[in-house]
Amino acid sequence: MKFNTKAIHGNQKHDPSTGAVMPPIYQTSTYAQKSPGQHKGFEYSRTGNPTRSALENAFASLENGKFGLAFGSGLAAIDAVMKLLKPGDEVISTNDLYGGTYRLFTKIYEKFGIKFHFIGFRNTNTLSKLINKKTKLIWIETPTNPMLNIIDIEAVVKIASQHKILVAVDNTFATPYLQLPLDMGADIVMHSATKYLGGHSDVVMGALVVNDKDLSEKLYFIQNASGAICGPMDSFLVLRGLKTLHVRMQRHCENAAIIANYLEKHPKIEKVYWPGLKTHPNHKIAKKQMNDFGGMLSFSTKGNYKVDAMKVVENLKIFTLAESLGGVESLCGHPATMTHASIPKEEREKTGVTDSLIRLSVGIEDVSDLIDDLEQALMII
Ligand code: P1T
């Protein structure tokens with residue numbers, strides 16, 4: 001089955017009791033049992049719920065994986081992966097990643113004796129040098145949030161597999177429409193389903209997909225034992241969102257390409273970060289591992305003036321100034337003070353998250369309206 005068909009039908013069945021084409025919202029916490037342990041596959045909705053199961057199956061199908069798991073947020077999904085580890089274990093991650101992930105690693109899991117190394121992945125020698133017997137997990141985002149760096153998944157997998165280290169890829173920015181990390185040998189794919197998978201800025205949710213049965217059993221155990229699940233209503237909404245993922249992503253990519261090219265020529269712009277631009281340092285890797293370049297881009301205004309960046313985001317009218325991304329509507333953000341404020345200034349500035357950086361989540365509106373909006377906001381500085 002091709003991706004566009006899978007987005008609608010992948011691993012889905014009509015509801016067995018009524019034939020309902022969309023799975024009903026099974027708004028129940030528990031299920032009747034004939035005799036203790038004798039039930040129809042569901043006991044308690046933390047452990048399993050038919051609407052959530054339908055969604056988890058869809059996640060697995062889209063990522064070309066065998067097992068899907070849904071969580072109450074993206075961070076809850078990452079948290080479940082971290083719970084595979086024990087004190088003394090080490091994790092190597094990218095130095096340019098979502099601020100909330102960095103906060104979870106450094107403020108929660110360092111306390112439990114897990115050591116994190118945050119590095120740039122441009123040169124895999126740095127990665128190889130850091131690996132030791134305690135290294136258990138490599139955690140990467142690609143494209144990264146917010147700098148849109150691209151990490152060569154196959155190159156990372158090649159190194160990790162020599163040492164039997166798990167590779168987890170946060171695929172939130174790319175989505176399975178653009179990139180399939182499991183096909184490239186990664187062990188775990190993670191999503192903030194709040195973003196493109198849901199697609200309508202109305203749900204907070206996380207997802208994991210894996211191929212290995214043993215790993216899936218460990219993660220299902222954690223999902224049930226820790227309990228950070230999502231509810232049936234949210235499961236239904238994301239399942240509905242998934243059915244248009246391919247159409248939305250196509251338009252997100254088209255609009256972002258036009259905007260990236262427009263911004264690159266704009267006299268008030270210092271630099272544009274979008275992996276589809278030939279000037280992007282990882283453009284070749286992006287071309288190799290992605291089907292297109294996505295709807296996220298960042299840019300910095302000339303002179304590194306925070307005040308200018310602030311004026312631009314305050315004056316955009318169609319782009320709403322807000323956290324989050326991946327919905328049908330265009331959003332803008334100021335990473336240094338918003339999504340990445342939890343990363344110390346010295347750390348974030350090393351990776352390019354300066355005070356003049358603006359991040360756009362390019363929506364699927366008419367692109368000429370989006371360009372006009374940027375034009376009028378940039379006139380103010
Ligand atoms: O917000 P939540 O669903 O818990 O997902 C966390 C998360 C994980 N990974 C990436 C790459 C993310 O971008 C996020 C959430 N990011 C934002 C809210 C943001 O505006 O960047």
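Five strands make up an open sheet here, in the order 8-9-12-11-10, with mixed pairing. (Strands are DSSP runs of E with at least two residues, helices are runs of H or I with at least four, and both are numbered from the N terminus; two strands pair if DSSP finds at least two bridges between them.) Strand 8 (269–273) and strand 10 (320–321) sit at the edges with a single partner strand each, so one side of each has no neighbour in the sheet. Strand 9 (residues 296–301) runs antiparallel to strand 12 (residues 357–361), and five bridges join them. One pair to look for is Leu297 with its bridge partner Leu360 in strand 12.

Keep in mind that this is a predicted model: local features need pLDDT of at least 70, side-chain atom pairs need 80 or more, and totals for chains, interfaces and linings use all residues. Residues are numbered from 1 along each chain as its sequence is written, and side-chain values use heavy atoms, leaving out hydrogens and water.

Now for the ligand. It's surrounded by 18 residues (a residue counts if one of its heavy atoms lies within 4 Å). Domain 1 (3–242) and domain 2 (245–378) both give residues to this shell, so the ligand lies between them; the bounds come from an automatic or database domain assignment. Here are some polar contacts, meaning pairs of N or O atoms within 3.5 Å; within protein, one atom must be able to donate a hydrogen and the other to accept it, and residues adjacent in sequence count only if both atoms are side-chain atoms.

| Side chain | Ligand atom | Distance |
|---|---|---|
| Asp170 | nitrogen | 2.6 Å |
| Thr194 | oxygen | 2.6 Å |
| Lys195 | nitrogen | 3.1 Å |
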